[in-house]
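Q: Please take me on a close look at a single part: the inside of this protein. I am in my first year, so go step by step and tell me the reason behind each label you use.

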Amino acid sequence: MINLLRTTSDNPHFKELVRHLDAELRIRDGEDAEFYSQFNKIDTIKHVVVAYIGDAAVGCGALRPYEIGTVEVKRMFVPATMRGQGVATRILSGLESWAIELGFKRCILETGHKQPEAIALYAKNGYHTIPNFGQYESVENSVCFEKVIATKASLR
């Protein structure tokens with residue numbers, strides 16, 4: 001059974017998973033990894049989800065407020081050995097639920113063309129591509145997504 005823990009970026013399991021994520025992204029993104037790393041600092045993230053199976057941390061994700069009503073999904077990661085077991089979908093769902101509780105209506109995120117598993121995950125979970133936003137506007141490798149997570153009816 002996958003259990004989710006709501007925490008902050010101070011969580012040691014989150015920090016360890018992010019180290020693995022960054023190592024994988026350095027391999028996938030090559031020279032571009034340095035550019036992306038400036039947007040992925042974790043020291044002030046207040047909304048982190050770590051997934052556990054038993055005592056083992058098997059994935060993570062985070063939320064960062066972007067603008068009024070919109071939150072950015074950040075630092076999604078599941079180690080390769082745990083992929084295909086529903087962990088990422090569970091994390092994403094947990095992040096969306098938390099975002100709704102926090103009053104957000106829309107999630108946005110950025111991933112890369114060199115991360116086809118991530119692209120498939122987001123498409124499978126109701127995200128659709130949007131024009132690249134913010135710092136990713138002119139970045140050819142970036143793919144940006146959004147999902148409306150709350151409507152007026154669901155906020156009652």
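A: Let's begin with the word we will need most: a residue is called buried when its relative accessible area is under 20%, exposed when that area is over 50%, and partly exposed in between. C144 has a relative accessible area of 1%, so C144 is buried. C60 gets the same label because its relative accessibility is 0%. You may wonder about sulfur links when you see cysteines. A disulfide is a covalent bond between the sulfur atoms of two cysteines. This structure holds zero disulfides.

Please keep in mind that what you see is a predicted model. Here is the overall plan. The chain has four helices and seven strands, and along the sequence they follow the pattern β-α-α-β-β-β-α-β-α-β-β. Of the 156 residues in the chain, 47% are buried. The fold also brings far-apart stretches of sequence together: among contacts between residues at least 6 apart in sequence, 68% join residues at least 24 apart.

Now for the inside itself. In soluble globular proteins, nonpolar side chains tend to be buried together. The largest nonpolar core here has 28 residues, and those touching the most other members are V73, M76, I91, Y122 and Y127. Two or more residues of this core come from each of β2 (47-53), β3 (56-67), β4, α3, β5, α4 and β7. The biggest share comes from α3, which gives seven residues. Another core lies apart from this one; it has twelve residues, including L17, L21, I45 and A62.

Let's zoom in on V73, one of the core residues with the most partners. Leaving out residues up to four places away in sequence, V73 touches A62, L63, L92, L95, C107, I108, L109 and Y127. Try finding these in the viewer.

Next, look at helix α4, which spans residues 116-124 and has A118, L121 and Y122 as its buried residues. Looking down the axis of α4, these buried residues fall within an arc of 90°, so they line one face of the helix. Their cover includes β4 (70-77), α3 (87-101), β5 (106-112) and β7 (142-148). Y122 is also among the residues of the largest core that touch the most other members. After α4 comes G126, with a positive phi, near 90°.

Strand β4 has a resident with a polar partner. T70 sits in β4, and T70 counts as buried because its relative accessible area is 3%. The side chain of T70 makes a polar contact, at 3.1 Å, with the side chain of R106. Setting aside neighbours within four places in sequence, T70 is in contact with P65, F104, R106 and I108. I108 is a familiar name, as V73 touches I108 too.

Let's turn to the rings. The structure holds four aromatic pairs. In one of them, Y66 and F133 meet edge-to-face, with 5.3 Å from centre to centre and 75° between the planes. This pair links distant parts of the chain: Y66 belongs to strand β3, F133 to the loop between β6 (128-130) and β7, and they are 67 residues apart. F133 also pairs edge-to-face with Y136, at 5.6 Å centre to centre and 90° between the planes. Together, the ring pairs link Y66, F133 and Y136 into a cluster.

Which members of this cluster are buried? Y136, at 1% relative accessibility, is buried, and F133, at 9%, is buried as well. Y66 has a relative accessible area of 33%, so Y66 is partly exposed.

One last stop is V139, which lies in the loop between β6 and β7. Its relative accessible area is 17%, so V139 still counts as buried. The C-alpha atoms of V139 and G112 are 9.5 Å apart, while the two residues are 27 residues apart along the chain.

Notes: Residues numbered from 1 in each chain as written. Predicted model: local features only at pLDDT ≥ 70, side-chain atom pairs only at ≥ 80, totals over all residues. Heavy atoms only, no water. Buried < 20%, exposed > 50% of the residue type's maximum accessible area, 1.4 Å probe, protein only. Arc of directions from axis to C-beta. Contact = heavy atoms within 4.5 Å. Core = buried A, V, L, I, M, F, W, Y, C linked by side-chain atoms within 4.5 Å. Polar contact = N/O pair within 3.5 Å; in protein donor to acceptor, adjacent residues only side chain to side chain. Phe/Tyr/Trp six-rings, centres within 6.5 Å; stacked < 30°, edge-to-face > 60°. Disulfide = S-S within 2.5 Å.
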